[in-house]
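Here are my notes on the model, set out point by point for a colleague who has the coordinates open. They take up the pocket, the barrel and the nonpolar core in turn.

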Amino acid sequence: MKILKLSLISLFTIGLTACKKDVKTKDPSKDSLTAKKDSVVVPEVYKEYYGIYMGDFAGKGMITSEDGETYEGEIYKRIALKINRITKDSVYGQSIVDGNQRPFRGVFNETSKSFILDEPGNDKADGRFEVKFNNDSLTGSWNAFNKSAVKAPNKTLKLVKKEFVYNPNFMLNENNDLIDWENPKDFVEKYTDEETGKTETYTESKNRIASDAVFKINASKQKLTEKDLKNLRKLDMEIIKNAVFARHGYAFKKQTYRNFFEQTDWYIPVSNNVDSELSPLEKDNVALLNRFIKYAEDKYDSFGR
């Protein structure tokens, strides 16, 4: 009898322990009230304002000249504001400047058709946008949260609505400037005085320049071969390669590439990573271009600016 009682007590204890374990490991997401709460969808409003708005982003700030002098002048940049979602209480989207993509959140005033949009604040260049609609354009201002961290802490915006479309036919226009102004290089030159016959040296700053090959070779449409690339300049191949990414809306961090593609009316930066969007042909061409770029040489010339 004692053995039987002990066995019953043991079974009862094991049962309680199992019940306790069940209670501790219960997934709260299985609770009907929680699931019901999580399934509530906040309705979106004013979807007609969704989209990408691009244009000038300008303000006064301190500029350093090539000879090292500092002065106050107008600093111009290009900016893209993307409105992704609007609800009764909040607005969600992102800003893209200089290749930097920052999320923002804010509110929409229906009466004035205006937004107040705040970037997170954990980056030195974050700030607040105050912009207003006028048909398909946005105008307003941006003010940095940390005014001492940026060159132009107060900027104005004049943006127009743009629709991003991938088109493999997009190319640079033949009137585009093909000079890389961002990477000058000093060269030592020799000069011989005709009267004295004396030879002297001097230093001249020169810039890389691309050829008209960038208007003819399209790495999104044609299968490139080594023969196509072997006589090209390094800058030619960099432009041909990055035109692939520009067509997919890549937000370039390098000013050199932004300068080239911002001259077009089709370049709209929408993402910091478009690798998955490239076609097999584009991927093969980019790989080939990378091989040649590694060993290619540049063509430099001197220009006034």
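**Notes on the predicted model**

1. The largest pocket holds about 1,500 Å³ of space, a value that, like the others below, is computed on a predicted model. Of the 47 residues that line this pocket, Ile-75, Tyr-76, Lys-77, Glu-182 and Gln-255 are the closest to its centre.

2. Which elements give two or more residues to the lining of the largest pocket? They are strands S1 (51-64), S2 (70-86), S3 (91-97), S4 (100-109), S9 (179-192) and S10 (199-209), together with helix H5 (255-261). Strand S2 supplies the largest share of the lining, with seven residues.

3. Sorted by class, the lining of the largest pocket is made up of 19 nonpolar, 11 polar and 17 charged residues.

4. Eight strands form a closed barrel in the order S1-S2-S3-S4-S5-S6-S7-S8, and their pairing is antiparallel. From one strand to the next, the twist averages 30 degrees.

5. Within the barrel order, S6 (residues 127-134) and S7 (residues 137-144) are joined by eight bridges in the antiparallel sense, and Val-131 stands opposite Gly-140 in S7.

6. The largest nonpolar core comprises 32 residues, and those with the most contacts inside it are Val-214, Ile-239, Phe-261 and Leu-289. Helices H4 (234-247), H5 and H6 (280-293) are the elements that give two or more residues to this core, and H4 contributes the largest share, eight residues. In soluble globular proteins, nonpolar side chains tend to be buried together.

How values were computed
Residues are numbered from 1 along each chain as its sequence is written. This is a predicted model: local features need pLDDT of at least 70, side-chain atom pairs count only at pLDDT 80 or more; totals for chains, interfaces and linings use all residues. Side-chain values use heavy atoms; hydrogens and water are left out. Two strands pair if DSSP finds at least two bridges between them. Helices (H or I, at least four residues) and strands (E, at least two) are DSSP runs, numbered from the N terminus. Axes are lines fitted to C-alpha atoms, for helices over the stretch in contact, and angles run from 0 to 180 degrees between N-to-C directions. On a 1 Å grid over the protein atoms alone, a cavity is a set of points where a 1.4 Å probe fits but cannot get out, and a pocket is an open set with protein on both sides within 12 Å along at least five of seven lines; lining residues have an atom within 4 Å of a point. Grid points are joined across faces, edges and corners, and a volume is the space filled by probe spheres set on the points. Ala, Val, Leu, Ile, Met, Phe, Trp, Tyr, Cys and Pro count as nonpolar, Asp, Glu, Lys and Arg as charged, and the others, Gly among them, as polar. A nonpolar core is a set of buried Ala, Val, Leu, Ile, Met, Phe, Trp, Tyr and Cys residues joined through side-chain atoms within 4.5 Å. Buried means under 20% relative accessible area, exposed over 50%, partly exposed in between (1.4 Å probe, protein chains only).
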